[in-house]
Amino acid sequence: MIVVIEDDELAGRLLLKMLDEFFKDIVTVWLKSTSEAIDFFKNNTLTKKDLIFLDYYLSDSNAWDLLDALKTKGITPDAKLILIPGISLTPSEIKKSKGYKLYKTIVKPIGLQQIKDVLAD
């Protein structure tokens, strides 16, 4: 399973279209808010084979707030977590990211080569 947590309509559609090209037989889920993501993870378990593409700047919070909320609720998805900010992280955000289990950070716009690199890892 691939979970995309992205509130921007255009960015979400483009990412899903690219993912569908590479993962034709894998279920993709698009969540557009922190509350949708929390509800989803309450009812679904992800494994190390799964991927989460998480936008940093969500309309109702940010990636760290979401990850902290999940942790508070005892939810820790085992999937590979790929942070997808719209701009490069600041030094303080990079420092904070060390406290989370990020697999990779890809600054948008995401290209096909970056998707291929995730697959190759």
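**Entry 1: largest pocket**

I looked up the largest pocket and noted a volume of about 490 Å³. The model is predicted, and I read every value here as computed from it. I listed 19 residues in the lining of this pocket, and L67, T76, P77, L81 and K101 are the ones nearest its centre. I then asked which elements supply the lining: β3 (51-55) and α3 (63-72) each give at least two residues. Helix α3 gives the most, with five residues. By class I noted 12 nonpolar, two polar and five charged residues in this lining.

**Entry 2: second largest pocket**

I turned to the second largest pocket, which has a volume of about 170 Å³. Its lining includes E6 and D8, and further along the chain I84, K108, P109 and I110. Helix α1 (residues 9-22) gives the most to this lining, with five residues. I sorted the lining by class and found eight nonpolar, no polar and three charged residues. I kept E6 and K108 from this lining in mind for the next entry.

**Entry 3: salt bridges around K108**

I searched the whole structure for salt bridges and got four. In one of them the side chains of K108 and E6 meet, at 2.7 Å from N to O. This pair links distant parts of the chain, 102 residues apart: K108 is in the loop between β7 (102-105) and α5 (112-120), and E6 is in the loop between β1 (2-5) and α1. I checked burial next, and both K108 and E6 are buried.

Which side chain does K108 meet at 3.0 Å? I found D55 there, again in a salt bridge, N to O. D55 lies in strand β3 and K108 in the loop between β7 and α5, so this pair ties together parts that are 53 residues apart in sequence. D55 is buried, as is K108. I therefore wrote down E6, D55 and K108 together, since they are linked in a network of salt bridges.

**Entry 4: salt bridge within α1**

I also looked at R13 and E9, whose side chains meet in a salt bridge at 3.0 Å, N to O. Both residues belong to helix α1 and are four residues apart, about one turn of the helix. Is R13 buried or exposed? I have R13 as exposed, because its relative accessible area is 54% and the cut-off for exposed is over 50%. E9 has a relative accessible area of 37%, so I entered E9 as partly exposed.

Terms used: Residues numbered from 1 in each chain as written. Predicted model: local features only at pLDDT ≥ 70, side-chain atom pairs only at ≥ 80, totals over all residues. Heavy atoms only, no water. 1 Å grid on protein atoms, 1.4 Å probe; cavity = no way out; pocket = protein on both sides within 12 Å on 5 of 7 lines; lining within 4 Å. Points joined across faces, edges and corners; volume = space filled by probe spheres on them. Nonpolar A, V, L, I, M, F, W, Y, C, P; charged D, E, K, R; others polar. Buried < 20%, exposed > 50% of the residue type's maximum accessible area, 1.4 Å probe, protein only.
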